[in-house]
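Dear colleague,

Please find below the structure for your review. My notes on its layout, surface and internal spaces follow directly after it.

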Amino acid sequence: MGEVPIGDAAARLGTTPRMLRYRESLGLLPRTKELPSGRGHRHRRFSEGDLSAIEEGLRMEHDYDITPTALDFALQILADPSAMARVRAYGERVGRLRPPPTRALDFEKQKALRLLSERSQPR
């Protein structure tokens, strides 16, 4: 099957064209390679791969009982390592997340640094 127009895509996904446009504005739809046509409007068409990706997003929203904006926020956090670290630190502070386990090499490194600092101190 070829690409389908937005109305048909919405019907297949159990949503509305307006909601698909909203999700697109949030960046939750695969990017289109189409150029504007007519009066600057795009006539968005969806491939089977597009529909599959959108369906997965809708499924996550349903399974985790979240809004499209919450899914957008999660994607923003995953895309920005400093934001991810900040959210993780906040989660640890409020007790929602446990600190990552200390790795054996980290323990050995800390031990070596402690021994070196003890040696360099005057007695």
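Where is the place of Gly 14? The residue is in the loop between helix 1 (6-13) and helix 2 (17-26). Please bear in mind that this is a predicted model. With a relative accessible area of 70%, Gly 14 counts as exposed because that value is over the 50% cut-off. Its C-alpha atom is separated by 9.5 Å from that of Glu 55, a residue 41 positions away along the chain.

Overall layout

The protein chain contains six helices and two strands. Their order along the sequence is β-α-α-β-α-α-α-α. Of the 123 residues in the protein chain, 18% are buried. Among contacts with a separation of 6 or more, 43% join residues that are 24 or more positions apart. The accessible surface of the chain amounts to about 10,100 Å², and carbon and sulfur atoms hold 55% of this surface.

Two further loops

Asp 65 sits in the loop between helix 3 and helix 4. Its phi is near 50°, which is a positive value in a residue other than glycine. Asp 65 is exposed, since its relative accessible area of 70% is over 50%.

Pro 100 belongs to the loop between helix 5 (81-93) and helix 6 (104-120). This residue is also classed as exposed, because its relative accessible area is 53% and the cut-off is 50%. Leaving aside residues up to four places away in sequence, Pro 100 touches Arg 88 and Glu 92. Between the C-alpha atoms of Pro 100 and Arg 88 there is a separation of 9.7 Å, and the two residues are 12 positions apart along the chain.

Cavity and pocket

How many cavities of 30 Å³ or more are there? The count comes to one. The volume of the largest cavity is about 30 Å³. The residues that line this cavity are Arg 23, Leu 28, Ile 54, Gly 57, Leu 58, Glu 61 and Leu 71. Helix 3 (residues 48-63) makes the greatest contribution to that lining, with four residues.

The largest pocket has a volume of about 300 Å³. Its lining includes Met 60, Tyr 64, Ile 66, Ala 70, Leu 71 and Phe 73. Ala 74, Ile 77, Leu 78, Met 84, Val 87 and Arg 88 are also among the lining residues of the largest pocket. At least two residues of the lining come from each of helix 4 (68-79) and helix 5. Helix 4 gives the most, with six residues. Leu 71 appears in the lining of the largest cavity and in that of the largest pocket. Arg 88, which Pro 100 touches, is likewise one of the residues lining the largest pocket.

Nonpolar surface patch

Leu 75, Leu 78 and Met 84 make a nonpolar surface patch of about 280 Å². Leu 78 and Met 84 are also among the residues that line the largest pocket. Met 84 lies in helix 5. Why is Met 84 classed as partly exposed? Its relative accessible area is 36%, and partly exposed covers the range between the cut-offs of 20% and 50%, so Met 84 falls within that class.

With kind regards

How values were computed:
Residues numbered from 1 in each chain as written. Predicted model: local features only at pLDDT ≥ 70, side-chain atom pairs only at ≥ 80, totals over all residues. Heavy atoms only, no water. Buried < 20%, exposed > 50% of the residue type's maximum accessible area, 1.4 Å probe, protein only. Contact = heavy atoms within 4.5 Å. Areas by Shrake-Rupley, 256 points an atom, 1.4 Å probe, with all protein chains shown as cover. Patch = residues over 30% accessible without salt bridge, like charges linked within 9 Å, V, L, I, M, F, W, Y side chains within 5 Å. Salt bridge = Lys/Arg side-chain N within 4 Å of Asp/Glu carboxyl O. 1 Å grid on protein atoms, 1.4 Å probe; cavity = no way out; pocket = protein on both sides within 12 Å on 5 of 7 lines; lining within 4 Å. Points joined across faces, edges and corners; volume = space filled by probe spheres on them.
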